[in-house]
Amino acid sequence: MRGDVRTQAASNSLFLLLPANSSAGGAGRADERIRPYTRKWESSIMGTIDELRLRAVPQAARCDVRHDVTAVVFSTGGYTGNVYHEFNDGIIPLYITARKYNRKVVFVMLEYHDWWMTKYGHILEQLSDYAPIDFANDNRTHCFPEAVVGLRIHDELAIDASRMPENQSIQDFRRLLDDAHRGRIKAIVEEEEEKAAAADPRRTGGGTKIIRRATALGKNDKPRLVIVSRNGSRAIENEADLVRAAKRAGFRVELLQPRQDTELARMYRVLNASDVMVGVHGAAMTHFLFMRPGSVFIQVVPLGTDWAAENYYGEPARRLGLRYIPYKILPTESSLYRHYSRDDPVLTDPVTVNAKGWQVTKKVYLDGQNVRLDMPRFRRRLRDAYGHWAAQRQGQQL
């Protein structure tokens with residue numbers, strides 16, 4: 001919408017003020033409705049999104065706040081609460097849509113959530129120099145010279161550089177994430193140093209410098225492997241065996257158990273400093289976006305999840321520049337093996353079972369399955385990951 005655009009929260013409307021001596025009919029379509037969320041192909045979730053009315057009118061309320069930059073209007077409803085969808089349906093499309101404005105843009109948010117702003121506010125600050133507007137709870141009339149209603153999406157966790165200004169890609173988005181979290185990570189490190197100094201004053205005496213956890217690995221240090229641990233479905237039942245095997249393979253191992261309220265910067269700090277990430281297919285695998293290009297991502301692929309694992313995480317990880325190593329489990333490594341006969345299609349033909357619909361897939365393969373890794377098989381993946389790290393390190397030293 002270009003011209004004199006005005007908001008009206010009470011009627012969930014955006015008005016385009018028509019020039020004098022013009023009519024709505026002469027301006028083309030004068031009344032449209034839109035739900036500004038990216039998953040247009042999913043009617044069930046789109047039905048939950050607040051609808052905006054876009055109207056061309058000869059007059060509207062006077063401006064309470066006049067802006068001289070574009071508005072980008074979008075919803076943080078839908079699948080918000082699931083980190084995959086928060087990035088795929090929201091944050092990356094926001095980057096795609098707003099990047100060309102070079103921060104001279106105001107975000108107008110439907111279904112505004114304080115927790116969402118707390119989680120992603122650092123990223124929004126990289127995309128806009130202005131405070132966002134909570135559309136439903138701001139009854140002032142905001143006026144803009146232009147409004148873009150809705151966000152553009154390219155593919156799963158993807159940015160098509162050919163459709164972006166200056167051919168910006170997912171790697172550029174990754175660098176923006178670095179910029180967004182750098183300040184907060186520095187503050188976290190300083191807080192930890194202060195606590196450590198208070199607990200043991202000798203650590204700061206005599207010129208001794210506290211080693212920061214986020215610093216680069218030294219020449220002789222072991223590579224760091226992070227296991228993204230799951231509780232509930234698709235948990236690794238022999239996780240302790242995995243930890244021991246990874247240590248024996250030459251890694252420093254850290255278990256990362258994200259919760260709903262885990263600060264994103266803390267997740268970013270751990271994974272950005274890691275060399276290998278291991279986890280079972282699920283939304284938490286989205287955090288591969290936090291890893292440095294050239295790192296290794298090992299995704300454990302449970303029964304019945306091959307397509308989703310590859311399309312939602314495998315291929316996007318390769319585009320980011322990670323070494324992606326899938327580990328497709330055998331039926332004997334699935335907890336389903338204990339509950340179904342050996343010739344049941346659940347074990348022998350997941351494609352046919354998945355064809356029965358999403359609800360069946362969710363019940364059987366996503367919510368009803370854990371994994372128990374065959375450690376002799378999985379050690380080969382660990383050796384591949386270590387070999388990749390060693391080759392990368394040798395190349396850096398040449």
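Author: Rings of Phe, Tyr and Trp (for Trp, its six-membered ring) are called a pair if their centres lie within 6.5 Å; planes under 30 degrees apart count as stacked, over 60 as edge-to-face, and the rest as tilted. The model here is predicted, so local features need pLDDT of at least 70, side-chain atom pairs count only at pLDDT 80 or more, and totals for chains, interfaces and linings use all residues. Residues are numbered from 1 along each chain as its sequence is written, and side-chain values use heavy atoms, with hydrogens and water left out.

Reader: Which residues form one aromatic cluster?

Author: The cluster is formed by Phe-74, Phe-87, Phe-107, Trp-116, Tyr-120, Tyr-268 and Phe-290. The whole structure holds 15 aromatic pairs.

Reader: Why is the pair of Phe-87 and Phe-290 called edge-to-face?

Author: The ring centres of Phe-87 and Phe-290 are 6.0 Å apart and the planes meet at 70°. The cut-offs are within 6.5 Å for a pair and over 60 degrees for edge-to-face, so both conditions are met. Phe-87 is in helix 2 (residues 83-98) and Phe-290 in the loop between strand 12 (276-280) and strand 13 (296-301), 203 residues apart. Helices (H or I, at least four residues) and strands (E, at least two) are DSSP runs, numbered from the N terminus.

Reader: What makes Phe-87 count as buried?

Author: Buried means under 20% relative accessible area, exposed over 50%, and partly exposed in between (1.4 Å probe, protein chains only). Phe-87 has 1% relative accessibility, so Phe-87 is buried. Phe-290, at 0%, is buried too.

Reader: What makes the pair of Trp-116 and Tyr-120 tilted?

Author: Their planes are 50° apart, with 5.3 Å centre to centre. That angle is neither under 30 nor over 60 degrees, so the pair is tilted. Trp-116 and Tyr-120 are separated by about one helical turn because they are four residues apart in helix 3 (residues 114-127). Both are buried.

Reader: How do you know that Cys-63 and Cys-143 form a disulfide?

Author: A disulfide is a pair of cysteine sulfur atoms within 2.5 Å. The sulfur atoms of Cys-63 and Cys-143 are 1.9 Å apart, which meets that rule. The count comes to one disulfide.

Reader: Why is the disulfide of Cys-63 and Cys-143 called left-handed?

Author: The torsion about its S-S bond is about -105°, so the disulfide of Cys-63 and Cys-143 is left-handed.

Reader: Is Cys-143 buried or exposed?

Author: Cys-143 has 0% relative accessibility and therefore counts as buried. Cys-63, at 25%, is partly exposed.
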